[in-house]
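User: I have a chain open on my screen and would like to talk through its fold. Can you take me through it?

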Amino acid sequence: MSASQRSLLRRVTGWLGGIQKRRLWRRGFRESLATDAWTEDDIRRHDDTRLVALVRDAATHIPFYRDLYNQAGVDAAAFRGVEDLASLPTIEKRDLVESGDRMVRPGVADLAVVRHTTGGSTGTIATMVSPRGLSSWESGCIYALWHRVGVARGDRMVVLRGALIDEGQSLFRREPGGRSLTVSTYHLNDDNVGAVVDLIDGFRPDWLHVYPSAVTLLANILRRTGRRLGVPVKGVLCGSEMVYAWQVDLFREVFGGIVYSHYGHGELGILGGWFKGRREFHFLPNHGYLELLDEAGRPVTEPGVVGEMTSTGYANTVMPLIRYRTADYGAWSDPGPCPDCGRSHARLAEIEGRIQEYLVLADGTRFPLTNINALHGMFFSYVYRFQFVQDAPGEAVLRFVPAVEMTPGRMEEIRQAFAYLGEMGLRLEFEPVERIDMTRTGKQRLVVRSEEVRP
Ligand SMILES: [Zn+2]
C-alpha cells in the first residue's frame with residue numbers, strides 16, 4: 001500500500017469512527033431521555049429483562065462468573081431478575097485487580113475494545129475493558145442529565161480539573177470541535193489567577209464543567225481576592241467527586257448560576273443526577289441497576305438508611321460487573337415518583353462520598369466530612385487546599401497549603417474553628433505544607449493515611 005493509500009485509509013477509518021461515536025452518543029442521549037416517561041412497572045420490567053440476560057450470559061460465557069456462581073451454588077438458568085439478585089455474590093474492586101482478565105469475554109477482538117484504568121478515590125487501580133464507543137454512549141447519557149437543567153448541544157464549556165495537562169507543560173487545552181476548553185488548576189495561586197480568569201473569560205463559556213476540588217481552589221481565590229469572571233456562567237456542572245453543601249454555597253456565591261451534580265464512576269455501572277434544585281440523584285434505569293447494601297451485604301430498602309452503593313451495569317457486555325460494590329455510600333429517598341419532577345427513577349437522598357471521606361473519632365464513630373460546613377468561611381479563605389491524614393482513631397493531622405501568611409494569630413483562629421472536633425473525640429494537629437498532591441486522575445481526597453503522603 002502506498003503512503004497516500006495508507007493516509008486515505010486512516011482518514012476513512014477516522015471518519016467512520018467519528019460517525020459511530022456520534023451514533024452511540026445520540027443513542028445514549030435518546031435512550032436516557034426516553035426513560036423520563038417510564039413508570040415503576042416499566043422500569044421493573046426493563047430491569048428484570050436486562051438482569052436475566054446479563055446473569056445467564058455471564059454464567060455461561062465469562063469464566064470468572066461461571067466459577068463464582070458454581071461455587072456459590074447459583075442456578076443461573078432459574079434466575080428471574082430483581083427478586084433473585086440478592087442470591088448472587090457481590091464483587092468488589094479487589095476482584096477487578098486480581099481476576100479482571102477472567103471477567104473479560106473470551107474471544108473479543110482487541111480492536112473492538114478499549115482499556116482504561118479506574119482507581120482514583122479508593123487508591124486501588126484496576127483495568128476496565130469495555131466495548132469501543134461505550135464512553136460516547138455514556139457521555140450522551142450524561143448530556144441527557146444536563147439537558148434537564150438547560151444545557152443545549154453546542155453550549156460552550158470550560159472544563160476545570162486538578163490534573164496536569166501535557167505533564168505540566170500547558171495551562172489549558174482546546175478540545176476538538178472548539179466548544180470545550182480544559183483548564184488545569186494544578187498550579188493555581190493568587191499570583192496567576194488573573195491569567196486563568198482571562199483565559200476563561202476569553203473563551204466565553206456557558207458552563208463550567210468541574211471536578212469540585214479543582215473549582216473550589218479557584219472559587220476560594222476569587223472570593224479572597226474579590227475577582228470574578230467577566231461573563232457570568234449559566235451554572236457549574238460537577239462530576240467525578242462528591243459535592244459538599246459548603247461547596248454548592250461557595251460556587252453559587254462566586255460564579256452565580258445553578259450548581260448541578262451527577263454521580264457516575266469509572267466502571268460505568270450506574271449514572272444519576274440531580275434534578276434542577278433538588279439535590280437527589282435520579283438514576284437512569286437504562287444505564288444500570290442500583291442496590292444499597294448494609295455491612296453484612298443485606299439489601300437496604302428503608303429510606304434514610306445509609307448503605308453501600310452496589311451497581312450492575314447494563315452497557316458493558318465485554319466485561320460485565322454484576323453486583324459491584326462501589327465503596328460509595330448513599331441513602332434512599334422516600335419511595336414513589338419524585339414529588340418535583342414525577343420521574344419514577346430510583347433516587348438517593350444523598351451520597352455520602354467515597355469510603356475514606358470521614359474521620360474516625362476516639363470511640364470509633366465515623367464523622368463524615370459533609371459535617372465540616374460550620375467552619376468553611378474563615379478556614380477556606382486562608383488556604384489553597386487541605387487534607388486530613390489519619391492513621392488511628394481519635395487523632396489526625398490537618399495539612400493545608402496556606403494562601404495567606406500563617407501568623408500565630410491566624411493559626412490560633414484555625415485551631416479555634418476546629419476546637420469542636422476535640423470535644424467530639426478527635427485530637428487534631430495542624431501542619432502548613434507547601435503542596436498537597438492529587439490522585440493520578442486529578443481528584444483530591446480529603447482523608448488519607450500517612451503512607452499515602454509523599455515525603
Ligand atoms: Zn425529580
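Analyst: We can begin with the overall picture and then turn to individual elements, keeping in mind that this is a predicted model.

User: How many helices and strands does the chain have?

Analyst: The secondary structure comes to 11 helices and 20 strands. The radius of gyration is 23 Å, close to the 23 Å that the globule rule gives for 455 residues, so the chain is as compact as a globular protein of that length. Along the principal axes, the C-alpha atoms fill a box of roughly 70 × 65 × 45 Å.

User: And what share of the residues is buried?

Analyst: Buried residues account for 37% of the 455 in the chain. As for contacts between residues at least 6 apart in sequence, 65% of them join residues at least 24 apart.

User: Which domains is the chain divided into?

Analyst: Domain 1 covers 1–151 + 234–354, and domain 2 covers 358–452. Taken over C-alpha atoms, the centres of domain 1 and domain 2 are separated by 32 Å.

User: Let's look at the sheet with β17 in it; what is the strand order?

Analyst: The order is β19-β18-β17-β20, an open sheet of four strands with mixed pairing. At the edges stand β19 (427–432) and β20, each with a single partner strand, so one side of each is left without a neighbour in the sheet.

User: Is β17 parallel or antiparallel to β18?

Analyst: β17 and β18 (residues 395–402) run antiparallel and are joined by seven bridges. The hairpin of β17 and β18 has two residues between the strands, and G394 in this hairpin takes a positive phi near 85°.

User: What about β20, how does that strand pair with β17?

Analyst: β20 (residues 447–448) pairs with β17 in the parallel sense, over two bridges. F388 is a useful residue to follow here, with L398 standing opposite in β18 and V447 as its bridge partner in β20.

User: And which way do β18 and β19 run?

Analyst: β18 and β19 run parallel, joined by six bridges, and R399 stands opposite E431 in β19.

User: Why is β17 described as largely enclosed?

Analyst: Seven of the 10 residues of β17 (residues 383–392) are buried, so the strand is largely enclosed by the rest of the structure.

User: Changing topic: how far does α1 reach?

Analyst: Helix α1 (residues 3–34) has 32 residues and reaches 46 Å from its first C-alpha to its last, close to the 46 Å expected at 1.5 Å a residue.

User: Which residues of α1 are buried, and what do they pack against?

Analyst: The buried residues of α1 are L24, W25, G28, F29 and S32, and they pack against α5 (134–147). As general background to that pattern, an α-helix has 3.6 residues a turn, so residues three or four places apart point the same way.

User: Back to the backbone: which residue in the loop between β8 and β9 should I check?

Analyst: L268 is found in that loop, between β8 (258–263) and β9 (272–275). Its phi is near 55°, a positive value in a residue other than glycine. L268 is also buried, with 24 other C-beta atoms within 10 Å.

User: And where does R323 lie, and is that residue buried or exposed?

Analyst: R323 lies in the loop between β12 (306–313) and β13 (324–332). R323 is buried, with 20 other C-beta atoms within 10 Å, where 20 or more is the cut-off for counting a residue as buried. R323 has a positive phi of about 55° although it is not a glycine.

Notes
Residues are numbered from 1 along each chain as its sequence is written. This is a predicted model: local features need pLDDT of at least 70, side-chain atom pairs count only at pLDDT 80 or more; totals for chains, interfaces and linings use all residues. A residue is buried if 20 or more other C-beta atoms lie within 10 Å of its own, exposed if 12 or fewer, and partly exposed in between; C-beta atoms are placed from the backbone. Two strands pair if DSSP finds at least two bridges between them. Domain bounds come from an automatic or database domain assignment. The expected span of a helix is 1.5 Å times one less than its number of residues. Two residues are in contact if their C-beta atoms, placed from the backbone, lie within 7 Å. The radius of gyration is taken over C-alpha atoms; the globule rule is 2.2 Å times the number of residues to the power 0.38.
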